[in-house]
Each structure stands twice: as C-alpha cells, then as structure tokens.
Amino acid sequence: MSHRSPSKSAILAEAGVVVAKDPAEVFARCAVVISNVLENVRLIAEAAREAGISSPLLDACHALYRETRALGLGDADMVAMVRRIEQRTATIV
C-alpha cells in the first residue's frame, strides 16, 4: 500500500491559510484602503517631526491621501490615488 503525502494546499488549509487561485481575489485580500495608509503616513510624519527630521515628500503624500479621503474615497484602494492625481492634473492643465 502506497502512502501519499498531503498536498501543500491541504497542509496550508489545515493550518488555516487560505490559498487563492484567482489573482483578483489575491489583490482584493491584500488591497490597502486610503484611510489606513493615511493613518500610517500620519504616524510616520509625526514621529519624523518629533525626531526633528524633515519629511517634505511624506508631507506631500499625506496631503494627497487626506484630499482623497475627503472626496469620500477613504475605503477605496490605491487606484483612488491615481484618480486624485488625475483630477489635480486636470485642474492644472
């Protein structure tokens, strides 16, 4: 009688790891929403200021995330940032 080892998928499933086969499903699970990124950027910028470190690029990003959330896109993924940059560009041109 042959003994077969469990598949990697079976081992992962037993460990509680969900294996997604569809790339869109993987992206959806990993999607980062604007509100979460805004909070992280705020915390990093605050720590930089407290340490006396200049962070002009981080400050610009913070402003962009804040504007994007103010447009009601706080629960959207990072594509919302692209849309906001497009809107900013359209008002400049």
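Is Glu 86 buried, partly exposed or exposed? At a relative accessibility of 43%, Glu 86 counts as partly exposed. The legends below describe close-up views of a predicted model, and Glu 86 returns in the last of them.

**View 1. The whole chain is built from helices, with five helices and zero strands.** From the N terminus on, the order of elements is α-α-α-α-α. The chain has 93 residues, of which 17% are buried. Among contacts with a separation of 6 or more, 54% are between residues 24 or more positions apart. The chain exposes about 7200 Å², and carbon and sulfur atoms supply 61% of that area. Six salt bridges are found in the structure; several of them appear in the later views.

**View 2. The largest nonpolar core consists of eight residues.** These are Ile 34, Val 37, Leu 38, Val 41, Leu 64, Tyr 65, Ala 80 and Met 81. Two or more core residues come from each of α3 (34-50), α4 (56-73) and α5 (79-92). Helix α3 gives the most, with four residues. In soluble globular proteins, nonpolar side chains tend to be buried together. Leaving aside residues up to four places away in sequence, Val 37 touches Val 32, Tyr 65 and Met 78.

**View 3. Helix α3 has its buried residues along one face.** The buried residues of α3 are Ile 34, Val 37, Leu 38, Val 41, Ala 45 and Ala 48. Seen down the helix axis, the buried residues of α3 fall within an arc of 100 degrees, so they line one face of the helix. They pack against α4 and α5. At 1.5 Å a residue, the 17 residues of α3 should span 24 Å, and the end C-alpha atoms are 24 Å apart, which agrees. Gly 52 follows α3 and has a positive phi, near 75 degrees.

**View 4. Helix α4 packs its buried residues against α3 and α5.** The buried residues of α4 are His 62, Ala 63, Leu 64, Tyr 65 and Thr 68. Two of these, Leu 64 and Tyr 65, also belong to the largest nonpolar core. For the 18 residues of α4, a rise of 1.5 Å a residue gives an expected span of 26 Å; the end C-alpha atoms are 24 Å apart, which agrees.

**View 5. Arg 84 is a buried residue of helix α5.** The relative accessibility of Arg 84 is 18%. Buried means under 20%, so Arg 84 counts as buried. Which residues does Arg 84 touch, not counting residues up to four places away in sequence? Arg 84 touches Leu 64, Glu 67, Thr 68 and Leu 71. Among these, Leu 64 and Thr 68 are themselves buried residues of α4.

**View 6. Glu 39 and Arg 42 form a salt bridge within helix α3.** The closest N and O atoms of Glu 39 and Arg 42 are 2.6 Å apart. Glu 39 and Arg 42 are three residues apart in α3, about one turn of the helix. Glu 39 is partly exposed, with a relative accessible area of 34%. Arg 42 also counts as partly exposed, at 30% relative accessibility. Together with Glu 46, Glu 39 and Arg 42 are linked in a network of salt bridges.

**View 7. A salt bridge joins Arg 49 and Asp 59.** The N to O distance between the side chains of Arg 49 and Asp 59 is 4.0 Å. This pair links distant parts of the chain, with Arg 49 in helix α3 and Asp 59 in helix α4, ten residues apart. Arg 49 counts as exposed, at 54% relative accessibility. Asp 59 counts as partly exposed, at 35%.

**View 8. Glu 86 and Arg 83 form a salt bridge within helix α5.** The side chains of Glu 86 and Arg 83 meet at 3.4 Å, N to O. Glu 86 and Arg 83 are three residues apart, about one turn of the helix. Arg 83 counts as partly exposed, at 44% relative accessibility. Glu 86, the subject of the opening question, counts as partly exposed at 43%.

Conventions. Residues are numbered from 1 along each chain as its sequence is written. This is a predicted model: local features need pLDDT of at least 70, side-chain atom pairs count only at pLDDT 80 or more; totals for chains, interfaces and linings use all residues. Side-chain values use heavy atoms; hydrogens and water are left out. A nonpolar core is a set of buried Ala, Val, Leu, Ile, Met, Phe, Trp, Tyr and Cys residues joined through side-chain atoms within 4.5 Å. Buried means under 20% relative accessible area, exposed over 50%, partly exposed in between (1.4 Å probe, protein chains only). Contact means heavy atoms within 4.5 Å. The expected span of a helix is 1.5 Å times one less than its number of residues. The arc is that of the directions from the helix axis to the C-beta atoms. Accessible areas come from the Shrake-Rupley method with a 1.4 Å probe; for residues, only the protein chains shown count as cover.
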